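Please walk through this model from one residue outward to its cores and its surface.

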Amino acid sequence: VDEAFGHMQDKVRSLGLSVQSAPGFDAAFTAQDQSALQRLLNDQFHQYFVTAGEVRLIQLRLFDPAFTLRAAATEGGRSFPATRAACPGLLERAVARRGPERLQFISALCADPAPLYSLIVPIGGLRLRGYVEVVADPSYSLESLEKALGMPLNLASVAGSPLFRSSNWPTATAMDSMLVVDYPVRGEDGESVLQVTLLSDVAELKAQLGATLRNILLLASLVTVLVAAAA
């Protein structure tokens, strides 16, 4: 899970940086041309990171250095209040920073109630001009666990809503032969964000354990008889 999230964070960070390098961005941001900025943000939903399935992008927004919202993508799957980031508390943490800290990336993982990953990327390098917020779906990045581990995978929100389930997920009657592994993914505040469940088929192991138990009982009985005979 940590490795999958690490890959997601790298891709989201790259996407946030690519927004700034889009042709016409500097001029539109300097002029605070909202329609042009909105179009540039919408264009990112048709670029490589999204079309190639690297990231499931939910929303892109632009803030000035004082964290006043300047533009938001209309193609985003969700909208968020202008006075806060997608994850509650993240914008407040970003505003409270001072000095060089304001030039650093800052992120949060939360359930809203659907899981969200929000990353705030500074614009302009050492000459800070503003920030871009990239909001992505973290559960999408965990779907790769199914292939990486070769195990049926189920992802659910903290409210129990299904997010993903493997096509080979067994029926309720077949669950008796499965070892169920649950792993709660938690945000920075320690609260659960989503639930990861993996299955391992232990039918063969159970059969072997049954045979081993019979052999042990047989051996114990034989030893008991021999000891009794010797006595």
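Asn42 counts as buried because its relative accessibility is 11%, where buried means under 20% relative accessible area, exposed over 50% and partly exposed in between (1.4 Å probe, protein chains only). Asn42 belongs to helix 3, residues 34-43; helices (H or I, at least four residues) and strands (E, at least two) are DSSP runs numbered from the N terminus. The model is predicted: local features need pLDDT of at least 70, and side-chain atom pairs count only at pLDDT 80 or more, while totals for chains, interfaces and linings use all residues. Residues are numbered from 1 along each chain as its sequence is written, and side-chain values use heavy atoms, with hydrogens and water left out.

The Asn42 side chain comes to 2.9 Å from the backbone nitrogen of Thr74. Beyond its neighbours within four places in sequence, Asn42 is in contact (heavy atoms within 4.5 Å) with Ala73, Thr74 and Glu75.

Next, the interior. The largest nonpolar core, a set of buried Ala, Val, Leu, Ile, Met, Phe, Trp, Tyr and Cys residues joined through side-chain atoms within 4.5 Å, has 41 residues, of which Val12, Phe25, Leu60, Leu62, Leu142 and Val196 touch the most other members. Elements giving two or more residues to this core include helix 1 (2-20), helix 3 and strand 1 (57-63). Helix 1 gives the most, six residues. Apart from this core lies another, of 17 residues, including Phe63 and Cys87.

Finally, helix 8 (residues 203-230) holds Leu222. Leu222 counts as partly exposed because its relative accessibility is 49%.

Notes: A polar contact is a pair of N or O atoms within 3.5 Å; within protein, one must be able to donate a hydrogen and the other to accept it, and residues adjacent in sequence count only if both atoms are side-chain atoms.
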